[in-house]
Every structure is written in structure tokens, then in C-alpha cells.
Amino acid sequence: MELQLSEYLTGEEYNQLRASVGWETLTPRQARDGIRHSTFLVAFRDGEKPVAMGRVLFDYGFTAYLADIIVSPDYQRQGLGSKVVRTLMDKVQKASDPGDRIMFILGAALGKEPFYQTLGFQQRPNEKEGHGMTNWVTVGENAKSNP
């Protein structure tokens with residue numbers, strides 16, 4: 001399989017990848033701005049078609065949040081997810097100084113924890129850390145936090 005590495009993805013392509021794995025799609029503005037404001041983004045393409053992607057939000061201090069690691073179902077179990085994660089982690093490390101310690105954080109999709117453990121991530125909770133948590137909020141006049 002000859003895939004090309006890209007650092008570009010449109011909001012529409014991003015939503016298509018999200019939909020391919022059963023994730024909720026975003027409004028066009030959210031998709032476009034989420035991609036635009038990512039510190040680093042990588043996508044693998046089969047010709048023109050994006051088949052895998054990931055992005056990272058990095059504070060250039062010590063925290064790097066890996067987000068949206070997606071591999072289209074037809075391309076899964078071929079090492080592509082690992083390539084996405086390793087490429088993003090490498091970009092963060094190259095943007096850091098020698099000796100820096102970087103805390104890579106992610107929220108694994110349900111059932112994908114073993115995949116991330118093969119890349120050195122530790123499942124939470126553990127003896128030092130509690131559960132990761134989220135709070136999806138819908139913006140609007142009468143909006144409330146969504147469980």
C-alpha cells in the first residue's frame with residue numbers, strides 16, 4: 001500500500017473521516033476551525049482520498065493532546081494508526097528542547113485502549129491518576145452541559 005503523508009485536510013474531509021468510524025460530525029465551521037487551529041496535523045492519503053488522520057494540540061511547554069486519531073475501516077489493522085501517532089509525537093518532540101519532558105494525553109475511543117497501550121500510553125485510572133473526564137456543552141441561550 002503506497003500512501004502519501006500530508007499535513008492538510010479540509011473540514012469536509014475531516015467530517016468524512018469522522019463519519020467513517022461512526023463519530024458525530026461537526027458543523028462546517030467547527031470542522032474547519034478545529035483543523036486550522038491544530039498545532040500539528042497529519043493525514044495519509046490513498047491518491048486524493050484521506051484514509052487516516054490525527055492532530056495534536058501542543059502548548060509548547062509540556063502538554064500535548066492527541067486528538068482525532070482516525071483510520072478508515074478499510075485501512076485499519078495495517079499499522080496506519082501507529083504511524084499517525086508516532087508521526088505526531090515526533091513533530092512535538094522536534095518542536096521541543098533536548099531534555100524536555102512532554103506529557104502526551106489522549107482520550108481513547110471505547111475499546112481502543114489496548115492499541116494505545118502498545119504505543120506506551122498508560123490506562124487511567126492507575127496508582128497516580130484518576131479517570132479522564134469530558135463535558136460536552138451545547139452553546140446557545142438555554143444550553144446546558146450534556147452528559
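Reader: What makes β4 and β5 count as a pair of strands, and which way do they run?

Author: In this predicted model, 4 bridges join β4 to β5, which run parallel; two strands pair if DSSP finds at least two bridges between them, so these two qualify. Within this pairing, Ala 64 stands opposite Phe 104 in β5. The names refer to DSSP runs, strands being E runs of at least two residues and helices H or I runs of at least four, numbered from the N terminus.

Reader: How should I read the numbers and values that follow?

Author: Residues are numbered from 1 along each chain as its sequence is written, and side-chain values use heavy atoms, leaving out hydrogens and water. As the model is predicted, local features need pLDDT of at least 70 and side-chain atom pairs count only at pLDDT 80 or more, while totals for chains, interfaces and linings use all residues.

Reader: What is the order of the strands in the open sheet, and what makes β1 and β5 edge strands?

Author: The 5 strands are arranged in the order β1-β2-β3-β4-β5, with mixed pairing. β1 (4–6) and β5 (103–106) are called edge strands because each pairs on one side only, pairing being judged by the bridges that DSSP finds. From one strand to the next, the twist averages 25°.

Reader: How do you know that α1 packs on the sheet, and which strands are touched?

Author: Helix α1 touches β2, β3 and β4, where contact means heavy atoms within 4.5 Å. The direction of α1 makes about 100° with that of β3; such axes are lines fitted to C-alpha atoms, for helices over the stretch in contact, and the angles run from 0 to 180 degrees between N-to-C directions. Helix α3 (residues 80–94) also packs on the sheet, touching β1, β2, β3, β4 and β5, and its direction makes about 150° with that of β2.

Reader: How do you know that β1 pairs with β2, and β2 with β3?

Author: β1 and β2 are joined by 3 bridges and run antiparallel, with Ser 6 opposite Ala 43 in β2. β2 and β3 also run antiparallel, with 7 bridges between them, and one of the matched positions puts Phe 44 with its bridge partner Ala 52 in β3. Both counts reach the required number of bridges, so both are pairings. β2 and β3 form a hairpin with 2 residues between them, and Gly 47 in the turn has a positive phi of about 70°.

Reader: Why is β2 described as mostly covered?

Author: Of its 7 residues, 6 are buried, buried meaning under 20% relative accessible area, exposed over 50%, and partly exposed in between (1.4 Å probe, protein chains only).

Reader: What makes the contact between Glu 13 and Arg 45 a salt bridge?

Author: Their side chains meet at 2.9 Å, N to O, and a salt bridge is a side-chain nitrogen of Lys or Arg within 4 Å of a carboxyl oxygen of Asp or Glu, so the pair fits the rule. Glu 13 lies in helix α1 (residues 11–20) and Arg 45 in strand β2 (residues 40–46), so the pair ties together parts that are 32 residues apart in sequence. Both Glu 13 and Arg 45 are buried. By this rule the count comes to 8 salt bridges.

Reader: Which salt bridges does Asp 33 form, and why is Asp 33 called buried or exposed?

Author: Asp 33 forms one with Arg 32, the closest N and O atoms being 3.4 Å apart, and one with Arg 36, at 3.3 Å. Asp 33 and Arg 36 are 3 residues apart in helix α2 (residues 28–36), and therefore separated by about one helical turn. With a relative accessible area of 17%, Asp 33 is buried, whereas Arg 32, at 38%, counts as partly exposed and Arg 36, at 53%, is exposed. Arg 29, Arg 32, Asp 33 and Arg 36 are linked in a network of salt bridges.

Reader: Why is Tyr 116 called buried or exposed, and what is in contact with Tyr 116?

Author: Tyr 116, in helix α4 (residues 113–117), has a relative accessible area of 8% and is therefore buried. Leaving aside neighbours within four places in sequence, Tyr 116 is in contact with Ile 69, Val 85, Leu 106, Ala 108 and Phe 121.
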